[in-house]
Amino acid sequence: MTAPGAIRILLADDQASIRSGFRLVLDAQPDMTVIAEAADGVAALDAARRLRPHVVLADIRMPHLDGLELTRRLAGPDADPQVRVIVVTTFDLDAYVHTALRDGASGFLLKRSGPTLLVEAVRAAMSGDALISPQITARMLHRLAPPAARTGRPPAEALTPREEEVAVLVAGGLSNTEIGQELFISLATVKSHLANLQRKLEVRNRVGIAAWAWQSGLATTDQVQGCP
């Protein structure tokens with residue numbers, strides 16, 4: 001039985017073992033429940049439209065309809081109603097990341113990212129954020145903002161030294177939990193800093209914070225390589 005107010009999740013992956021592993025992690029959370037599974041993209045699309053989950057976790061390479069097209073149909077600008085989709089894949093390719101985010105994905109995770117990041121990605125999606133695996137965030141955003149193009153606009157309000165530290169760690173792809181551990185601050189404090197950064201930088205989510213950090217020159221390759 002689904003707990004009142006729980007985040008309702010649909011798992012879409014052609015590997016039963018992956019679905020089972022994700023279900024164990026997510027159902028163990030007090031605020032989450034897996035309501036259905038699908039082994040191919042067409043079945044996932046049908047289940048999402050029938051069951052109206054809050055979040056869909058979608059593999060990229062599935063039979064009949066791949067995860068990127070599923071993302072476009074469920075989360076893209078023409079989707080009605082729109083569903084939050086987190087793409088979860090084995091394949092670390094920039095083209096996949098760009099396509100997924102362009103078409104409305106609320107996150108992009110590598111399957112090897114681990115259970116903590118999986119849970120955090122679901123919660124981020126529910127709050128309107130977008131979480132990308134640390135393994136690819138820094139690389140992707142660095143390529144989007146090469147050194148010659150680092151001309152990020154000044155923040156609407158000056159950042160504090162701690163906010164600058166948080167922004168650099170976000171640019172390095174760290175999750176909220178990892179930022180808290182690195183700076184010895186609570187998860188609630190991390191979230192407060194992120195909210196302040198979004199307001200001051202006039203961006204919608206942590207991807208925007210990371211992009212600004214690279215474009216402004218606040219984040220550098222040496223700094224990010226030093227991130228855990």
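**Residues in a predicted model**

Modeller: In this predicted model, T71 is buried, with a relative accessible area of 0%.

Biologist: In which helix is the place of T71?

Modeller: The model is divided into eleven helices and six strands. T71 falls within the run of residues 67-75, and that run is helix 3.

Biologist: Why does T71 count as buried?

Modeller: A residue is called buried when its relative accessible area is under 20%. T71 meets that condition because its relative accessible area is 0%.

Biologist: Which residues does T71 touch, leaving aside those up to four places away in sequence?

Modeller: A contact requires heavy atoms within 4.5 Å. With residues up to four places away in sequence not counted, T71 touches G76, V85, V87, A100, D103, G104 and A105.

Biologist: How many Å from a polar atom of the side chain of T71 does the backbone oxygen of G67 lie?

Modeller: A polar contact is a pair of N or O atoms within 3.5 Å. The side chain of T71 offers a polar atom to this pair, and the backbone oxygen of G67 lies from it at a distance of 2.7 Å.

Biologist: What percentage of the residues of the protein count as buried?

Modeller: The protein has 228 residues. T71 is a buried one, and for the whole protein the share that counts as buried is 49%.

Biologist: Is S20 buried, partly exposed or exposed?

Modeller: S20 has its place in helix 1, which covers residues 16-27. Values between the limits of 20% and 50% belong to the middle class. Because the relative accessible area of S20 is 40%, S20 is partly exposed.

Biologist: How many Å apart in space are S20 and E37, C-alpha to C-alpha?

Modeller: In sequence, S20 and E37 are 17 residues apart. In space, taken C-alpha to C-alpha, their separation is 9.3 Å.

Biologist: In which loop does F184 lie, and is F184 buried or exposed?

Modeller: F184 lies in the loop between helix 8 (176-183) and helix 9 (187-201). The phi of F184 is positive, about 60°, although F184 is not a glycine. A relative accessible area over 50% marks a residue as exposed; F184 has 77%, and therefore F184 is exposed.

Biologist: What is the phi of R52?

Modeller: R52 has its place in the loop between helix 2 (41-51) and strand 3 (55-58). R52 is not a glycine, yet its phi is positive, at about 50°.

Note on methods. Residues are numbered from 1 along each chain as its sequence is written. This is a predicted model: local features need pLDDT of at least 70, side-chain atom pairs count only at pLDDT 80 or more; totals for chains, interfaces and linings use all residues. Side-chain values use heavy atoms; hydrogens and water are left out. Helices (H or I, at least four residues) and strands (E, at least two) are DSSP runs, numbered from the N terminus. Buried means under 20% relative accessible area, exposed over 50%, partly exposed in between (1.4 Å probe, protein chains only). A polar contact is a pair of N or O atoms within 3.5 Å; within protein, one must be able to donate a hydrogen and the other to accept it, and residues adjacent in sequence count only if both atoms are side-chain atoms.
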